[in-house]
Amino acid sequence: MTPVIIDTDPGIDDAIALLYALRQPDLHVLALTTVAGNIGLPVTTDNAARLAALAGRTVPVHPGAAAPLARAAEPEVAIHGSDGLGGVFLPEARLGASRHGAVTALSDLLMQTPPKTIELHCLAPLTNIAQLLQHTPDVAGRIKRLIVMGGAVATRGNFGPGQRAEFNLGQDPDAAAIVLHAGLDLTLIPLDATRQLRADAAYVAALRAAATPRATTCADLIDAYFGANEDRESRPLHDPCVPLLALHPDLFRVETRLLQVEPGTGALIDGPHPIQVAMGLDAAALRARLLAGLAIAGSPEAGTSTAC
Ligand code: BDR
Ligand code: CA
């Protein structure tokens with residue numbers, strides 16, 4: 001079982017990733033750390049705690065950065081709604097937000113655990129991780145690896161002027177550069193891959209047929225994700241690619257690319273840093289794995305009785 005800390009800004013696709021990861025027998029989620037991204041920090045923190053409750057987990061939630069390192073946050077309200085989750089109802093949190101902030105929690109967990117045992121799963125702007133590396137550089141060598149959803153390599157982005165950047169890297173380019181240029185064991189999953197993992201109406205129907213509280217909530221989340229874009233046939237499942245890569249690396253095509261983060265924009269450009277990049281994936285197989293993971297029966301999902 002791999003110990004992981006998930007850094008997240010829920011966020012519709014973050015929510016699906018969390019509801020999947022928190023119940024996987026081969027992942028031991030030690031903590032969630034939250035950051036401003038899709039919506040402001042108080043909301044991402046509350047959403048993370050409610051999602052843990054829906055998954056029947058009492059995992060601690062540590063709030064992190066309320067804004068990027070050197071600029072104002074630009075939330076994605078148009079996509080994720082003012083509550084970050086498209087208005088989808090979630091149960092009350094079991095635990096309030098921890099008094100220990102994200103950087104303290106990350107540092108403590110990494111220092112208390114043998115080196116190279118904890119994976120960081122990064123679903124959001126990289127502000128918390130950059131602050132960790134800045135404030136406690138000794139921990140860098142203790143991270144087993146990072147799996148980061150972010151960037152656009154050979155495809156258009158979804159953020160900033162000309163849509164050259166991707167949201168997570170473009171929202172905080174300074175943090176992205178600190179993390180991606182640090183020489184860590186890091187696998188990046190950019191839009192090139194994540195846009196291939198899509199949910200359509202048939203997938204929503206399959207989730208509803210699975211009929212677990214988590215699968216039903218994911219169906220509601222994907223319906224909300226269509227929102228004003230009902231003309232589209234499917235929506236991308238960006239963040240679930242992170243736990244899926246951790247559990248099913250054979251279903252991703254990973255290449256080494258020489259890249260750097262462009263200052264100011266967060267776009268990925270040619271550069272000197274060798275980075276492992278997932279450029280492709282087996283979408284059908286991964287959709288099936290995600291569905292199966294959300295449909296796991298197993299032990300009761302406490303705290304879910306009013307969720308659906
Ligand atoms: C990324 O940006 C956010 O809006 C999503 O949650 C995902 O992490 C996709 O570009
Ligand atoms: Ca996210």
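**Fold, core and ligand shell of the predicted model**

Of the contacts in the protein with a separation of 6 or more, 82% are accounted for by residues 24 or more positions apart, a contact being scored where two C-beta atoms, placed from the backbone, lie within 7 Å. The model is a predicted one, in which local features need pLDDT of at least 70 and side-chain atom pairs count only at pLDDT 80 or more, while totals for chains, interfaces and linings use all residues. Residues are numbered from 1 along each chain as its sequence is written, and chains are lettered from A and ligands numbered from 1 in the order in which they are written.

The secondary structure comes to 12 helices and 11 strands, taken as DSSP runs (H or I of at least four residues for helices, E of at least two for strands) and numbered from the N terminus. The C-alpha trace spans about 50 × 45 × 35 Å along its principal axes. The radius of gyration is 18 Å, which agrees with the value near 19 Å for a compact globule of 308 residues; this radius is taken over C-alpha atoms, and the globule rule is 2.2 Å times the number of residues to the power 0.38. Buried residues make up 52% of the 308 residues, where a residue is buried if 20 or more other C-beta atoms lie within 10 Å of its own, exposed if 12 or fewer, and partly exposed in between, with C-beta atoms placed from the backbone.

The largest nonpolar core holds 99 residues, of which Leu19, Ala52, Cys122 and Ile189 touch the most other members; such a core is a set of buried Ala, Val, Leu, Ile, Met, Phe, Trp, Tyr and Cys residues joined through C-beta atoms within 7 Å. Helix α1 (residues 12-21) gives the most to this core, with eight residues. Beyond its neighbours within four places in sequence, Ile189 is in contact with residues including Ile147, Val148, Met149, Cys241 and Val242.

In helix α4 (residues 102-112), the buried residues are Ala102, Val103, Ala105, Leu106, Leu109 and Leu110. These lie on the same side of α4, because they cover an arc of only 165° around the axis, the arc being that of the directions from the helix axis to the C-beta atoms. Packing partners of the buried residues of α4 include β1 (2-8), β4 (118-122) and α5 (127-135), whereas the face turned away from the buried side carries the exposed residues Met111 and Gln112. Within strand β1, Val4 is buried, with 22 other C-beta atoms within 10 Å.

Ligand 1 is surrounded by 14 residues, of which Gly11, Asp13, Phe167, His238 and Asp239 come nearest, a residue being near a molecule if its C-beta atom, placed from the backbone, lies within 6 Å of it. The elements that give two or more residues to this shell are α1 and α6 (167-171). By character the shell divides into four nonpolar, five polar and five charged residues, with Ala, Val, Leu, Ile, Met, Phe, Trp, Tyr, Cys and Pro counted as nonpolar, Asp, Glu, Lys and Arg as charged, and the others, Gly among them, as polar. Gly11 is placed in the loop between β1 and α1, and the peptide bond leading to Gly11 from Pro10 is cis, with omega near -10°.

Positive phi values also occur in residues other than glycine, namely near 65° for Lys116 and about 50° for Gln163. Lys116 is found in the loop between α4 and β4, and Gln163 in the loop between β5 and α6.
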